[in-house]
Amino acid sequence: MQLQVNDLHASYSANTPILKGVNMTADPGQVTIIVGPNGCGKSTLLRCIARLHRPERGTVMLDSENVWKIKPRQAAHRLSLLPQSPMAPEGMTVANLVQFGRHPHQGLFQQWSDQDQQAVTEALELTHLADLAHRRLDQLSGGQRQRCWLAMTLAQQTPLMLLDEPTSMLDLGHQVEVLNLVRKIASAGDRAFVIVLHDLIAAAQYADQLVTMRDGEIVCSGAPKEILTPELIRELYDVDVRILTSPDNQTPIIVAKQEQLV
Amino acid sequence: MRVLSLVLSSFLIIGLLCLCSMLIGAGDTSISDAWGYLCGDSSLRSDDNLDMVLRTLRWPRTVAALVVGAAMGIAGALLQTVTRNPLADTGLLGINSGAAMGVVIGITYLNVSTALGYLLWALGGTLLGTSLVLVVATTGKAGVTPLRLILAGLGIGSTFHGITAMILLSNQTSYDEYRFWVLGSLAGVNLTIVLQMLWVILPGIMLAILLIRSLSALILGDDVAQSLGHQPGKIRIWATLAVTLLTGACVALAGPITFLGLLSPHVARSFTGHRIGRLLTFSGLFGMIILLSADILCRIVVKPFETPVSVMIAMAGAPLLIWIVLSNRMLTLSHREMR
């Protein structure tokens, strides 16, 4: 399923537009990462796609369907969201949480089905949590917990997955753990991932498609290797950088230039 | 297994309390006479006075305590979940003040003096209050958030409170009647009315049961609930309606019994954790236990007089709540951030 955002305008109050005509696409099997300076509107864009913030103008299309025109439950079959700071009550186990992902597939009187069980097992295996299924969330590390939330959204089995800052507040090890996992799941299936990340360096390393934003507009988008230039980063963040190449997989590495002190 | 044994022991305690409630009174009927009557002793059965005390005073009162206790417990649990506020009580949504205003208007301008009259006016006031709260909370773009719900409730509640005070200040007789009603008591309830109120309370409980799934998603936060296909705003509206039905009927029956709706979900939560279905069940069961025990205590402490039951709940309940907090059994609603 392809995501297509057309001429999207959004704001929180009448005089301060946040998005000023955004166009972007995301393809199945690919990781699309949206980056940009603080306040550029990247989170708002994600919220408009996730049906959490109603845009003023423009459309969010999944193939030929407008996500803002379908019923909430139907929408939950097509897209799932991992919000920025999810909350879980004390005492909840990993399995408890992941089972919530099946809510859109269950009716009021519909019992837990084999299909539900299978989806949960699959999500737990994909995220390497099968052994921890009965542990309590509050006993896990930050990275493990973030994997649990990812498992919940995976269990929802939607073709479009939206992640809002999935690695903020995680240390380097856990960051790599979560992003590697997303990479792996994306290349294995035909899910489309759209991720908002403030960490440009990680974004450059993990994205198939990088979407760069500034002041509510898309600056440019494409494969990180092709679009990332010191000029672009100067335009986005007002800093001077050098772009190196990773010896492992030739992805760009961004390093801020040291100020000359002498 | 643990849950099942907890349910069974709750029922056992409720059974015992019902028995005590039938045996113990503020008057001079002895416990052994009451016991004999219950066992079917033919000479005691024909005692008119005893028959009156047990059949028309204690039995309706016991039934009313069970109904009101369960309904207030469930309503409190719903309200705390939906507003994400562990301090939420039925007073918070302007429900009690709506009922009070209804009753005062009835007493002052329409000379209402029957129990059924009080009840209808209280129910009317409650419905008016909640509808206004919902209208205020739903206007605007942001939808029904916990904060809007609470602020609207506080605002409408204070307005109603003011109107009530204004009417009462200008009218001495209304004040006397109101003062009796507002303390909240189960004494003198009539079985027919209790059963009639079930027509309001049962739909409220049904609604609560239907909301269990959505409410449990709501505790993961509005964003997650919404991306799972739920509609947080609508859930809050339905839950508010359920709370109104439940408390409206209780306030009408027994006056505003404060603190019960706050206390019993906290007691329940220390046993049930995060599962909403269990939380509602145990809040109902503990509500019954707390109210019935309090009502029995009311009859004993200042014998031959009675203490209003809401006073008793506050006096006995506060130490209980403090114990829960101190013993770390308190599972908060304000969950930690989980990342």
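A: Let's start with a working definition: a helix here is a DSSP run of H or I with at least four residues, a strand is a run of E with at least two, and both are numbered from the N terminus. Keep in mind that this is a predicted model.

Q: Okay, then what do the elements of chain B look like from the N terminus on?

A: Going along from the N terminus, you read α-α-α-α-α-α-α-α-α-α-α-α-α-α. In numbers, chain B has 14 helices and zero strands.

Q: And how many helices and strands does chain A have?

A: The secondary structure of chain A comes to nine helices and twelve strands.

Q: How do I read the overall size? What is the radius of gyration of chain A, and what does the globule rule give?

A: The idea is to set the radius of gyration beside what the globule rule gives for that number of residues. Chain A has 262 residues, and its 19 Å is close to the 18 Å from the rule, so chain A is as compact as a globular protein of that length. For chain B, with 339 residues, a compact globule would be near 20 Å, and the 21 Å of chain B agrees. You can also picture boxes along the principal axes: the C-alpha atoms of chain A fill roughly 70 × 40 × 30 Å, while the C-alpha trace of chain B spans about 70 × 55 × 35 Å.

Q: Now sheets. In what order do the strands of the four-stranded open sheet of chain A lie?

A: The order is β2-β1-β4-β5, and the pairing is antiparallel. Look at the edges next: β2 (16-26) and β5 (65-66) of chain A each have a single partner strand, so one side of each is left without a neighbour in the sheet. Zoom in on one pair: strand β4 (residues 57-62) of chain A and β5(A) are joined over two bridges, in the antiparallel sense. There, A:M61 stands opposite A:N66 in β5(A). A helix also packs on this sheet: α1 (residues 42-49) of chain A touches β1 (3-13), β2 and β4, and its direction makes about 115° with that of β1(A).

Q: What is the strand order in the open sheet of six strands, and how is it paired?

A: This sheet of chain A reads β6-β7-β8-β3-β9-β10, with mixed pairing. At its edges stand β6 and β10 (217-222) of chain A, each with a single partner strand, so one side of each has no neighbour in the sheet. From one strand to the next, the twist averages 15°. As a sample pair, take β6(A) and strand β7 (residues 160-164) of chain A: they run parallel and are joined by four bridges. A:L79 stands opposite A:L160 in β7(A). And α1(A) turns up here too, packing on the sheet and touching β3 (31-35), β7, β8 (192-196) and β9 (209-214) of chain A. The direction of α1(A) makes about 145° with that of β8(A).

Q: What describes two packed helices?

A: You give the angle between their axes and the distance between the axes. Try helix α1 (residues 2-23) of chain B with helix α4 (residues 48-83) of chain B: the axes come within 9 Å and cross at roughly 150°. Angles over 145 degrees count as roughly antiparallel, and α1(B) and α4(B) are therefore roughly antiparallel to each other. Their crossing is right-handed. On the α1(B) side the contact is made by B:C18, B:S21 and B:M22, and on the α4(B) side by B:L54, B:R58, B:W59, B:T62 and B:A65. By class, the residues of this contact are five nonpolar, two polar and one charged.

Q: How do α4(B) and helix α9 (residues 191-218) of chain B cross?

A: Their axes come within 10 Å, at roughly 25°. Angles under 35 degrees count as roughly parallel, and α4(B) and α9(B) are therefore roughly parallel to each other. This crossing is left-handed. Among the residues that meet are B:V63, B:V67 and B:I74 in α4(B) and B:V194, B:L198 and B:I201 in α9(B). The contact residues divide into 16 nonpolar, two polar and no charged.

Q: Last one: how many residues of each chain make up the contact between chain A and chain B?

A: Chain A puts in 26 residues and chain B 20. On the chain A side, α2 (72-78), β6 (79-82) and α5 (142-155) each supply at least two residues. The most comes from α2(A), with four residues. By class, that side has 17 nonpolar, six polar and three charged residues.

Notes
Residues are numbered from 1 along each chain as its sequence is written. Chains are lettered from A and ligands numbered from 1 in the order in which they are written. This is a predicted model: local features need pLDDT of at least 70, side-chain atom pairs count only at pLDDT 80 or more; totals for chains, interfaces and linings use all residues. Axes are lines fitted to C-alpha atoms, for helices over the stretch in contact, and angles run from 0 to 180 degrees between N-to-C directions. Angles under 35 degrees count as roughly parallel, over 145 as roughly antiparallel, 65 to 115 as roughly perpendicular and the rest as oblique. A crossing is left-handed if the near helix is turned anticlockwise from the far one by less than a right angle, and right-handed if clockwise. Two residues are in contact if their C-beta atoms, placed from the backbone, lie within 7 Å. Ala, Val, Leu, Ile, Met, Phe, Trp, Tyr, Cys and Pro count as nonpolar, Asp, Glu, Lys and Arg as charged, and the others, Gly among them, as polar. Two strands pair if DSSP finds at least two bridges between them. The radius of gyration is taken over C-alpha atoms; the globule rule is 2.2 Å times the number of residues to the power 0.38.
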